[in-house]
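Visitor: I would like a close look at one part of this model. Please keep it brisk and walk me through it.

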Amino acid sequence: MGSVPASLDERVELLTKLRSPYYEGVTEEQLRVIAEPARLIEAHAGEYLYHQGEVASYSYLLLNGLVKIIHSHPSGRVIIIKFIKPGLAFRMAYPGATSRYIASAQAATGVRALRWEMHDATHLLQAIPRVALNSLVVLTEMLMEFVEAVGEFTYGCAEERLLWVVRRLAEDLRENDHAVLPITQQELAASTGLSLYTVNRLIREWEQRGLVQKQRHLLVVQPSKLQIYTKHQGI
């Protein structure tokens, strides 16, 4: 991972083109204030932007590519919590000088992001209330997603749990009616609490029905077909 030289005007242009939900209703002057302390960084696929447990030094906003937010359990299980799409921020830490990241962020593809020192990111939230309000809206949407996950994982059977995870990730990455998930079956097993055997069996069944396709470390999904299958199964 490395820093990329970019002028203030270039950083403002990146934020303007991105149309991130965090900056809806923000003036051009405020956007320059936001961009001033930011730095442009790049990371290759597989590189970590930060690790769970490290002191939380930075806050990030993804410009392009995909980032996996990963949580490691003491048991050794590694769970993919969410794919971060361009326009979304990822910091996974409480504000504060001694705060630590509660999950890791790994580049699933080559990525570019803007990075702020954590104290600068906190100051911007205080200085520009509209950004704080927009951030609250985004966080509320994520919270609703996690509440839904609790219900699925508490009451759902194996296929329901796997369907929920695959459909959620596919919606994150959807382009028209096509989504390519850079995720392995082992990662799906860890993310659902299912055995690798069970995940492999269900994926094979879905392939036979034309719902998904396996391509090495990728899973190609058609969300509309998954939705129809879910309704037909009464899931």
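Is strand β4 (residues 58–64) mostly covered or mostly open, and how many of its residues are buried?

Guide: A word on the model before the strand. This is a predicted model, in which local features need pLDDT of at least 70, side-chain atom pairs count only at pLDDT 80 or more, and totals for chains, interfaces and linings use all residues. Residues are numbered from 1 along each chain as its sequence is written, and side-chain values use heavy atoms, with hydrogens and water left out.

Now the strand. β4 is mostly covered, with five of its seven residues buried. Buried means under 20% relative accessible area, exposed means over 50%, and partly exposed lies in between (1.4 Å probe, protein chains only). Strands are DSSP runs of E with at least two residues, helices are runs of H or I with at least four, and both are numbered from the N terminus.

Take the partners of β4. Strand β9 (residues 111–117) is joined to β4 by six bridges, and the two run antiparallel. Two strands pair if DSSP finds at least two bridges between them. Ser59 has Trp116 as its bridge partner in β9. β7 is also antiparallel to β4, joined by two bridges. There, Tyr60 has Phe90 as its bridge partner.

In a regular strand, side chains alternate between the two faces of the sheet.

Next, follow β7 onward. The loop between β7 (89–90) and β8 (104–107) holds Arg91. Arg91 is buried but makes no salt bridge. A salt bridge needs a side-chain nitrogen of Lys or Arg within 4 Å of a carboxyl oxygen of Asp or Glu. For charge, Lys and Arg count as positive, Asp and Glu as negative; His and the chain ends are not counted. The nearest side chain of opposite charge to Arg91 is Glu117, 11 Å away.

What does Arg91 touch instead? Setting aside neighbours within four places in sequence, its contacts include Tyr58, Ser59, Met118 and Leu125. Tyr50, Tyr101, Ala121 and Thr122 are also in contact with Arg91. Contact means heavy atoms within 4.5 Å.

One more strand pair is worth a look. β5 (residues 67–72) and β6 (residues 78–84) pair in the antiparallel sense over six bridges. Ile69 has Lys82 as its bridge partner in β6. Five residues lie between the strands of this hairpin, where Gly76 takes a positive phi near 105°.

To return to your question: β4 is mostly covered, and β9 and β7 each run antiparallel to β4.
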